[in-house]
Amino acid sequence: AGPVTLRMAPAGTVEVVVRDPAGAAVAGATVELHGTLTWAATTGADGVATLRGVGPTWGPLHATAAGFAPTRTKISTRGAPGPAERFELTLQRGAAVTGRVVDEAGAAIAGARVVATSAAEPFPVVDVRRDGVVSGADGGFTIAAVAAGTYRLDALDGSHAPASSPPFVVAGSHPRTGLTIVLGAGGVVRGTVTSKA
């Protein structure tokens with residue numbers, strides 16, 4: 001095989017302003033844009049994080065900060081040189097969500113990844129493999145903070161079939177406890193890989 005040539009083109013800049021519900025800047029927040037690549041930066045005292053070298057992409061924009069629930073949204077970028085594209089995210093205080101992951105017999109499942117997915121979000125902005133918390137030996141899990149709204153819990157562990165919980169409501173700063181996700185037995189898919197012949 002001949003050499004591989006990679007051609008780099010000028011890219012764009014994305015500025016993300018992170019504020020609290022009162023409109024004040026949130027310093028020290030981690031901002032990530034997930035596409036084919038991941039761009040990350042931390043907000044300064046003005047609440048602004050600058051992502052550089054961003055090409056044209058359509059993907060989830062995340063912001064997290066201590067004491068706040070994570071926030072996520074889908075954005076589209078031009079990825080062209082010139083003035084920075086600017087987006088704003090608001091972080092809410094949120095409440096903890098705790099529960100257990102079990103199998104159909106009620107036995108604990110350790111090592112499952114769990115995320116809370118907003119029922120109002122039309123496009124998936126969380127990745128259970130990347131963003132999920134991991135259940136412990138007793139199947140228990142804790143999501144530190146979830147903003148007010150209606151959610152479902154999605155879970156997978158690689159051995160059972162992935163599953164989702166019924167929708168539930170998070171109100172203000174009141175923790176939600178006692179939630180259960182049941183992972184059923186997964187099927188097995190077998191096949192054969194062949195050449196064109």
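1. The largest pocket. In this predicted model, the largest pocket has a volume of about 580 Å³. Its lining is made up of 26 residues, and those closest to the centre of the pocket are Pro70, Thr71, Arg72, Ala116 and Ala145. Four strands each supply at least two residues of this lining: S6 (71-77), S9 (113-118), S11 (140-146) and S12 (149-156). Sorted by class, the lining holds 15 nonpolar, eight polar and three charged residues.

2. The second largest pocket. The second largest pocket has a volume of about 150 Å³. Residues of its lining include Val115, Thr117 and Ser118, together with Glu121, Pro122, Phe123 and Pro124. Val126, Asp127, Val128, Arg152 and Asp154 also belong to the lining of this pocket. Strands S9 and S12 are the elements that give two or more residues to the lining of the second largest pocket, and S9 provides the largest share, three residues. The classes here are six nonpolar, two polar and four charged residues. The student may note that S9 and S12 are also among the strands that supply at least two residues to the lining of the largest pocket.

3. Threonine 71. This residue, one of those closest to the centre of the largest pocket, has its place in strand S6. Is threonine 71 buried or exposed? Its relative accessibility is 17%, so threonine 71 counts as buried; the cut-off for buried is under 20%. When residues up to four places away in sequence are not counted, threonine 71 touches Leu61, His62 and Ala63, and also Leu89, Thr90 and Leu91.

4. The aromatic pair. A search of the whole structure finds one aromatic pair. The ring centres of tyrosine 151 and phenylalanine 168 are 6.4 Å apart and the ring planes stand at 35 degrees, so the pair is tilted. The reasoning rests on the cut-offs for the angle: planes under 30 degrees apart count as stacked, over 60 as edge-to-face and the rest as tilted. Tyrosine 151 lies in strand S12 and phenylalanine 168 in strand S14 (residues 168-170); with these positions 17 residues apart in the numbering, the pair links distant parts of the chain. Tyrosine 151 is buried, because its relative accessible area is 10%. Phenylalanine 168 likewise counts as buried, at 6% relative accessibility.

5. Charges over rings. Two further arrangements involve an aromatic ring. Lysine 74 lies over the face of tryptophan 58, at 4.4 Å from the ring centre. Arginine 93 lies over the face of phenylalanine 68, at 4.0 Å from the ring centre.

6. Serine 164. Strand S13 (residues 163-164) contains serine 164. How accessible this residue is follows from a single value: at 45% relative accessibility, serine 164 counts as partly exposed. Which residues does serine 164 contact, leaving aside its neighbours within four places in sequence? They are Arg152, Leu153 and Asp154. From C-alpha to C-alpha, serine 164 and aspartate 154 are 4.4 Å apart in space, while in sequence they are 10 residues apart. Arg152 and Asp154 also appear in the lining of the second largest pocket.

7. The protein as a whole. The protein contains one helix and 15 strands. Its C-alpha trace spans about 65 × 60 × 25 Å along the principal axes. Of its 197 residues, 38% count as buried. Among contacts between residues at least 6 apart in sequence, 59% join residues at least 24 apart.

Methods: Residues are numbered from 1 along each chain as its sequence is written. This is a predicted model: local features need pLDDT of at least 70, side-chain atom pairs count only at pLDDT 80 or more; totals for chains, interfaces and linings use all residues. Side-chain values use heavy atoms; hydrogens and water are left out. On a 1 Å grid over the protein atoms alone, a cavity is a set of points where a 1.4 Å probe fits but cannot get out, and a pocket is an open set with protein on both sides within 12 Å along at least five of seven lines; lining residues have an atom within 4 Å of a point. Grid points are joined across faces, edges and corners, and a volume is the space filled by probe spheres set on the points. Ala, Val, Leu, Ile, Met, Phe, Trp, Tyr, Cys and Pro count as nonpolar, Asp, Glu, Lys and Arg as charged, and the others, Gly among them, as polar. Buried means under 20% relative accessible area, exposed over 50%, partly exposed in between (1.4 Å probe, protein chains only). Contact means heavy atoms within 4.5 Å. Rings of Phe, Tyr and Trp (its six-membered ring) pair if their centres lie within 6.5 Å; planes under 30 degrees apart count as stacked, over 60 as edge-to-face and the rest as tilted. A charge sits over a ring if NZ of Lys or CZ of Arg is within 6 Å of the ring centre and within 35 degrees of the ring normal.
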